[in-house]
Amino acid sequence: MCGIIGCFSKEGCYEKLMAGLARLEYRGYDSAGVALLSPDGALAVRKKKGGVAGLAGAPLPGDTGIGHTRWATHGKPSDANAHPHVAGKFALVHNGIVENYARLRAELAAAGETFVSETDSEVIVRLIARLYGGDFFAAVSAACARLEGSYAVAVLCSDFPGQIICAKQKSPLVAGASGGDLYVCSDIPALAGAAEYVCPAEDGEFIRIAAGRVVFCDGQGKEIPKVFTRLTAASRAETGGGSFMEREIAAVPRALADTLASLRASDFAPCARAMRAARRVFAVACGTAFHAALAFKDAVERDAGVPVLCHPSSEFRYRDPLVGPGDLVVAVSQSGETADTLEAARLAKSRGAYLLSVTNVECSTLAALADHNVAMRAGAEIAVAATKSYNCQLLCLYYLAAQLTFFRCTRWPAWFSSLDALAPAARAAFDSFSAVRALAERLRGAGGMYFIGRGQDVRTAAEGALKVKEIAYLFAEGCAAGELKHGTLALVEEGFPVLAVATSRRLAQKCENALAEAKARGAYAALFSQYEDVLSESCADFTCRLPAVTEALMPVVAVIPLQYFACSMCLLRGYDPDKPRNLAKSVTVE
Ligand code: M6R
């Protein structure tokens, strides 16, 4: 959702900026650009429609620079709409949405400003230039005071070589340092390998890079003391061959083992009271994380006997939800920066609920906002399609469900002692990959497909369908097997693929019946189950044996062949699994 970066380095500033931009690209790839400022005050800008690779050319001179990867909101992807935007002595990169931009644009145009882009971001730099009276920081601060909406900005001014002024409001921003090199950036993974120490900014704060120092300050320029923490290896992206998505699927067993170790070392006592006394339990999340939240609902309702109200974050605040003091709200987000989930979490907190977050980024905005954060240890996830983070979200949420069960019912769910089996089972799921790839080859030309399941498998079906839509650009729907005959079945004709997941022995026969009904109408039927007898007695055209763990934990494992299936479909159809069209990794705008 746009990535911004700033760098001060006496050596190789341009190269460091470009390397950072490449690491940031998963936040948007509609266009990219950089601006470099030399010690003599010369400003050089290069920006272009398309990805970071399109910026290649001779290095721009300068020791201070800013860069941007764009996910278009206002204005189509084009060279003119690419950042940095320039006005007079200033160059600016922006992530977020300026909600009052139309009013500001009209005001600036009436005052004689000529706009060269369609973006909301250009109004910020023109406002700064208008407000400038010789004090760089004061101009940025005064301009920001007039903005409504969300922003993380980094600004250069040719009167102030060696300086970058940044501001943050509702869009993520971190500072980083390594020796004499100083950075600001939209997120921590993009600083991995570059910065040794990092520190996130909070809303309303400014970051000033000047005189070889990085300093946090308030709107008046008063310094705010901060503690930088060492960047851990866990923030690094997965290395190896192939796409990030393939590497991240391959990392699932390691991610599960690390997450389990971290959960076991966590102290849940601080949230024991909230869990024990919760009047109601809510779960809010988006996309893949929402599917994990639904799995949490299944587990808590089954094991703790407490109803869980699950809402997509984007709907939560507009429904005027019945949330209030005494309620427990669980917000799930890989990035911890998803704008919709943050707003849902803020609403819950403002109404007096206890906020528990599950995130993969410990110093994210959501983790900071929460009363208690449960940290996944998936490691940096770069591919836009969430994979290893989903498996880890499920593990964290099941763990949480077990805590809730213990705090409320003074017993642990039976499956709680089987968690160690998850990482080996995830590894065993890789054995199915050659068969799953063959299935993808068989279905690569399909016009669409259904994923079906019953009970907890409905969540896995929904997640499988989301992956296929997101990266293979195929219509896919995940639905409850029993719902097929209530309308969905009408689309099934000769060869239409229906992929069923059956991990519950009790419900397997029912799921199979639905598959048989689809097959009777010509569907190409595929069945994923851990039960040999279920597979052998089924009428499916394709069967995949899943590794067995205790049934309650099967969603963590059953989704793996579906993740790989979507990735294979994507590659076979000639697309890039890491950068699906129209999407970005971190959705930091509403
Ligand atoms: O960072 P978050 O977990 O809050 O992201 C939520 C969704 O945007 C995300 O899961 C999205 O649905 C994935 N790209 C799906 O693969």
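Domain bounds here come from an automatic or database domain assignment.

**View 1. Three domains along the chain.** This is a predicted model, and its domain assignment gives domain 1 (3–231), domain 2 (237–412) and domain 3 (430–579). If you would like a distance to keep in mind while zooming in, the C-alpha centres of domain 1 and domain 3 lie 44 Å apart.

**View 2. The pocket that holds the ligand.** Here we move to the ligand, which sits in the second largest pocket. Which domains each give at least three residues to the shell around the ligand? Domain 2 (237–412) and domain 3 (430–579) do. Two helices also stand out in this view: α8 (287–303) and α15 (457–472) each supply at least two residues of that shell.

**View 3. The residues of the shell.** The ligand has 15 residues around it, and those that come nearest are S333, Q334, S335, T338 and E470. Sorted by class, the shell is made up of seven nonpolar, six polar and two charged residues.

**View 4. Polar atoms facing the ligand oxygens.** Let us look at three short distances, beginning with the side chains. In T338, a polar side-chain atom lies 2.4 Å from an oxygen atom of the ligand. For S335, the distance between a polar side-chain atom and a ligand oxygen atom is 2.6 Å. A386 takes part through its backbone instead, with an N or O atom 2.9 Å from an oxygen atom of the ligand. How much of the ligand's area does the protein bury? Taken alone, the ligand exposes 410 Å², and the protein buries 90% of that.

**View 5. A cis peptide bond before P84.** Away from the ligand view, this close-up is about backbone geometry. The peptide bond running from H83 to P84 is cis, and its omega is near 0°. As for its surroundings, P84 belongs to the loop between β4 (64–70) and β5 (85–87).

**View 6. A positive phi at D320.** The last close-up stays with the backbone. D320 is not a glycine, yet its phi is positive, at about 50°. Where along the chain does D320 lie? Its place is in the loop that comes between α9 (313–316) and β18 (328–333).

Notes. Residues are numbered from 1 along each chain as its sequence is written. This is a predicted model: local features need pLDDT of at least 70, side-chain atom pairs count only at pLDDT 80 or more; totals for chains, interfaces and linings use all residues. Side-chain values use heavy atoms; hydrogens and water are left out. A residue is near a molecule or strand if one of its heavy atoms lies within 4 Å of it. A polar contact is a pair of N or O atoms within 3.5 Å; within protein, one must be able to donate a hydrogen and the other to accept it, and residues adjacent in sequence count only if both atoms are side-chain atoms. Accessible areas come from the Shrake-Rupley method with a 1.4 Å probe; for residues, only the protein chains shown count as cover. On a 1 Å grid over the protein atoms alone, a cavity is a set of points where a 1.4 Å probe fits but cannot get out, and a pocket is an open set with protein on both sides within 12 Å along at least five of seven lines; lining residues have an atom within 4 Å of a point. A molecule sits in a cavity or pocket if more than half of its atoms lie within 2 Å of its grid points. Helices (H or I, at least four residues) and strands (E, at least two) are DSSP runs, numbered from the N terminus. Ala, Val, Leu, Ile, Met, Phe, Trp, Tyr, Cys and Pro count as nonpolar, Asp, Glu, Lys and Arg as charged, and the others, Gly among them, as polar.
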